[in-house]
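Please walk through this model with the structure open beside the text. Keep the sequence at hand as well.

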Amino acid sequence: MSDLSKNVLPSNRGKKQKIRKSNKRKLSSTNWIKRQINDPYVIEANKLGYKSRAAFKLLQINEKYNFLKPNRKVIDLGCAPGGWLQVAVQKVRSTENEVKVIGVDILPVDNIPGSKTFIGDINDSAIDKKLIDFLGDYPDIILSDMAANVIGHKQTDHLRTTQLIEIALDFTLKNLKKNGTFLVKTFKGGTETELLNIMKKKFNYVKNIKPLASRPESVESYTVCLDLKG
Ligand SMILES: C[S@@+](CC[C@H](N)C(=O)[O-])C[C@H]1O[C@@H](n2cnc3c(N)ncnc32)[C@H](O)[C@@H]1O
C-alpha cells in the first residue's frame with residue numbers, strides 16, 4: 001500500500017463513466033454502481049490500496065486536528081472493512097512487533113499488518129476487557145465509525161444510531177486515557193443534545209465536523225472530542 005499520509009484529497013476528477021443498462025438490475029443498485037465507479041474517493045482508495053473510501057474521512061479530520069501521532073495507542077470501534085485501521089497504523093507507526101492499533105467489528109476484517117482485530121459486538125461488555133488486555137494499556141485515541149443498518153424508518157434509524165453513539169461514548173469514558181481523543185460518527189444536526197452535553201462536560205474541546213469525503217447528501221457527520229479531563 002502506498003503512503004497516502006499527506007494525500008487527503010483524491011487526484012482523479014476525470015470523465016464520468018457510464019454503465020451498461022441491464023433489465024435485471026434494480027434502479028437502486030444501478031445508481032449505487034454508477035456512484036461508486038465515478039466517486040473519486042473510491043477510485044483513489046482502490047489505487048492506493050485502502051480498504052474503504054472512509055480512509056479519506058479520517059485523513060481529512062486528522063489533517064485538521066492532528067491527534068494521530070506516532071506511538072499513540074488506538075482502538076477503532078466498528079472497524080470493518082479496515083480503511084481507518086490502515087490510516088491509524090501508518091500515522092501512529094504501529095508494527096507487527098508492537099501493535100498499537102486494534103479494532104472490533106461484528107464483521108470479520110482481512111488482516112491489516114500492524115493491527116489486530118476482534119470479531120465482536122460492542123454491546124457485549126466482555127469486549128472491553130478483551131481489547132484492553134490485548135493493548136496492554138488504556139488507549140490514547142478511540143475512534144468510532146459505527147453505523148447501524150438503516151431500515152428507512154426515520155425514528156427507528158435515529159434511535160439505533162443514537163444508541164451506537166451512546167455505547168461508544170460509554171466505552172470511551174470507561175477506557176480512554178486522560179487527555180485522550182474520541183472521534184465518533186454522528187448524524188446531521190450533530191450529536192443528541194444530551195450526549196453532546198456529556199461530551200462537553202468530560203472533554204475540554206468538542207466540535208462537529210463534516211469532512212469533504214463525507215458525501216454531501218449523507219446525513220452523517222462526526223464529533224471530535226479532544227483532551228479528556230481527569
Ligand atoms: C461505516 S462502517 C466502518 C468503516 C471503517 N471505518 C473503515 O474505514 O473501513 C461501520 C461498521 O460498524 C459496524 N458495527 C455496527 N454496529 C456494531 C456493533 N454493535 N459492534 C461492532 N461493530 C458494529 C458495522 O459492522 C460496520 O462494519
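The paragraphs below go from the overall fold to the core, the ligand and some single residues.

This is a predicted model: local features need pLDDT of at least 70, side-chain atom pairs count only at pLDDT 80 or more, and totals for chains, interfaces and linings use all residues. Residues are numbered from 1 along each chain as its sequence is written, and side-chain values use heavy atoms, with hydrogens and water left out.

Start with the fold. The chain has 7 helices and 7 strands. Helices here are DSSP runs of H or I with at least four residues, strands are runs of E with at least two, and both are numbered from the N terminus. Read from the N terminus, the order is α-α-α-β-α-β-β-α-β-α-β-α-β-β. The chain has 230 residues, and 48% of them count as buried. Buried means under 20% relative accessible area, exposed means over 50%, and partly exposed lies in between, with a 1.4 Å probe and protein chains only.

Next comes the core. In soluble globular proteins, nonpolar side chains tend to be buried together. A nonpolar core is a set of buried Ala, Val, Leu, Ile, Met, Phe, Trp, Tyr and Cys residues joined through side-chain atoms within 4.5 Å. The largest one in this model holds 33 residues. Leu 58, Phe 67, Leu 68, Val 74, Leu 143 and Leu 183 have the most contacts inside it. Five elements are listed as each supplying at least two residues of this core: helix 2 (40–48), helix 3 (54–65), helix 4 (83–92), strand 4 (141–144) and strand 7 (220–228). Helix 3 gives the most, with 7 residues. The core also draws on two domains, taking at least three residues from each of domain 1 (20–49) and domain 2 (55–228). These bounds come from an automatic or database domain assignment.

Now turn to the ligand. Which residues come nearest to it? They are Ser 52, Trp 84, Asp 105, Asp 121 and Asp 145, out of 20 residues around the ligand. A residue counts as near if one of its heavy atoms lies within 4 Å. The shell divides into 11 nonpolar, 6 polar and 3 charged residues. In this scheme Ala, Val, Leu, Ile, Met, Phe, Trp, Tyr, Cys and Pro are nonpolar, Asp, Glu, Lys and Arg are charged, and the others, Gly among them, are polar.

Look at the oxygen atoms of the ligand. A polar side-chain atom of Ser 52 lies 2.9 Å from a ligand oxygen. Two backbones can be added. A polar backbone atom of Gly 83 is 3.0 Å from a ligand oxygen, and for Trp 84 the corresponding distance is 2.9 Å. Taken alone, the ligand exposes 600 Å², and the protein buries 87% of that. Accessible areas come from the Shrake-Rupley method with a 1.4 Å probe.

Backbone geometry is next. Ala 80 and Pro 81 are joined by a cis peptide bond, with omega about 5°. Pro 81 sits in the loop between strand 1 (74–77) and helix 4. Asn 71 has phi near 75°, a positive value in a residue other than glycine. Its place is the loop between helix 3 and strand 1. Asn 71 counts as exposed because its relative accessibility is 54%. Arg 93 is not a glycine either, yet has a positive phi of about 60°. Find Arg 93 in the loop between helix 4 and strand 2 (101–105). With 56% relative accessibility, Arg 93 counts as exposed.

Finally, take some charged residues. Is Arg 215 buried or exposed? It counts as buried, because its relative accessibility is 16%. Arg 215 lies in the loop between strand 6 (203–209) and strand 7. Its C-alpha atom is 9.8 Å from that of Asp 39, although the two are 176 residues apart along the chain.

Glu 44 and Glu 63 make a useful pair to inspect. Glu 44 lies in helix 2 and counts as buried at 2% relative accessibility. Glu 63 is in helix 3 and is exposed, with a relative accessible area of 53%. The C-alpha atoms of Glu 44 and Leu 9 are separated by 8.8 Å, across 35 residues of chain. For Glu 63 and Val 8, the C-alpha separation is 7.8 Å, with their positions 55 residues apart in sequence.

Notes
Polar contact = N/O pair within 3.5 Å; in protein donor to acceptor, adjacent residues only side chain to side chain.
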